[in-house]
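Here is a short note to read with the structure open beside you. Take the points in order, and turn the view as you go.

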Amino acid sequence: QVQLVESGGGLVQAGGSLRLSCTASGSILSINAMGWYRQAPGKQRELVALITNSGSTNYADSVKGRFTISRDSAKNTMYLQMNSLKPEDTAVYYCNGKGSSSWYKDPFDSWGQGTQVTVSS
């Protein structure tokens with residue numbers, strides 16, 4: 001079982017960019033799919049971006065065209081490049097894996113501390 005650690009969050013102004021990293025203790029290719037999730041104050045956690053072990057990607061409508069999910073299997077690391085950030089992107093961002101490539105399937109029931117992203121107006 002791999003362990004995932006998020007990093008790269010911070011405070012940025014609206015319109016700025018940020019790159020998040022998710023580093024795994026094991027091969028990310030052993031997981032069918034990995035995704036970035038976020039939880040804003042007063043809201044439920046939501047899936048933002050997903051990448052499968054075949055390399056296909058999908059995004060929530062709210063971030064499509066602004067965020068890019070990618071991976072470096074040699075480094076066992078997944079990334080989320082966030083551009084044109086908006087105040088509504090403010091949230092704690094988490095990474096997690098799932099046993100299915102379906103957008104609608106739940107991830108593994110184990111969450112880390114996440115990384116805080118704050119976008120000021």
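1. Start with E4 and E5, two antiparallel strands joined by six bridges. Keep in mind that this is a predicted model. One pair to find is Met34 and its bridge partner in E5, Ile51. The two strands make a hairpin with six residues between them. In that turn, Gly42 has a positive phi of about 75°.

2. Now move from E5 to E6, which covers residues 57-59. These strands also pair in the antiparallel sense, over three bridges. Ile51 appears again here, standing opposite Thr57 in E6. Four residues separate the strands of this hairpin, and Gly55 takes a positive phi near 100°.

3. How many of the seven residues of E5 are buried? Six of them are, so E5 is largely enclosed by the rest of the structure.

4. Next, please look at the nonpolar interior. The largest nonpolar core has 28 residues. Trp36, Leu80, Met82 and Tyr93 are those with the most contacts inside this core. Strands that give two or more residues to the core include E3 (18-24), E4 (33-39), E5 (46-52) and E10 (115-120). Which strand gives the largest share? That is E3, with four residues.

5. Glu6 deserves a careful look. This residue lies in strand E1, residues 4-7. Glu6 is buried yet has no salt bridge, and the nearest side chain of opposite charge, Arg45, is 7.9 Å away. What does the side chain of Glu6 reach at 3.0 Å? The partner is the backbone nitrogen of Cys95. A polar atom of the Glu6 side chain also lies 3.3 Å from the backbone nitrogen of Gly114. Beyond residues up to four places away in sequence, Glu6 touches several others, among them Ser21, Trp36, Tyr93 and Gln113.

6. Lys98, in strand E9, makes a good companion to the previous point. Lys98 is buried and has no salt bridge; Asp106, the nearest side chain of opposite charge, is 6.9 Å away. The Lys98 side chain reaches the backbone oxygen of Ser102 at 2.9 Å. Leaving aside neighbours within four places in sequence, the contacts of Lys98 include Ile31, Tyr37, Leu47, Trp103 and Phe108. Asp106 is also one of these contacts.

7. Turn now to the charged pairs that do meet. The count of salt bridges comes to four. One of them joins Asp89 to Arg38, with the closest N and O atoms 2.9 Å apart. Asp89 lies in the loop between E8 and E9 and Arg38 in strand E4, so this pair ties together parts that are 51 residues apart in sequence. Buried or exposed: what is Asp89? Asp89 is buried, with a relative accessible area of 0%. Arg38 counts as buried too, at 6% relative accessibility.

8. Asp89 has another partner to trace. The side chains of Arg66 and Asp89 meet in a salt bridge at 2.8 Å, N to O. Arg66 sits in the loop between E6 and E7 and Asp89 in the loop between E8 and E9, so the pair ties together parts 23 residues apart in sequence. Both Arg66 and Asp89 are buried. Through salt bridges that share partners, Arg38, Glu46, Arg66 and Asp89 are joined into one network.

9. For a contrast in setting, find Lys64 and Asp61. Their side chains meet in a salt bridge at 3.3 Å, N to O. Lys64 counts as partly exposed at 47% relative accessibility, while Asp61 is exposed, with a relative accessible area of 67%.

10. Finally, check two backbone angles in loops. Asn76, in the loop between E7 and E8, has a phi near 50°, a positive value in a residue other than glycine. Ser84, in the loop between E8 and E9, has a positive phi of about 50° although it is not a glycine. Why does Asn76 count as buried? Its relative accessible area is 19%, and buried means under 20%. Ser84, at 41% relative accessibility, counts as partly exposed.

Key. Residues are numbered from 1 along each chain as its sequence is written. This is a predicted model: local features need pLDDT of at least 70, side-chain atom pairs count only at pLDDT 80 or more; totals for chains, interfaces and linings use all residues. Side-chain values use heavy atoms; hydrogens and water are left out. A nonpolar core is a set of buried Ala, Val, Leu, Ile, Met, Phe, Trp, Tyr and Cys residues joined through side-chain atoms within 4.5 Å. Buried means under 20% relative accessible area, exposed over 50%, partly exposed in between (1.4 Å probe, protein chains only). Two strands pair if DSSP finds at least two bridges between them. Lys and Arg count as positive and Asp and Glu as negative; His and the chain ends are not counted. A polar contact is a pair of N or O atoms within 3.5 Å; within protein, one must be able to donate a hydrogen and the other to accept it, and residues adjacent in sequence count only if both atoms are side-chain atoms. Contact means heavy atoms within 4.5 Å.
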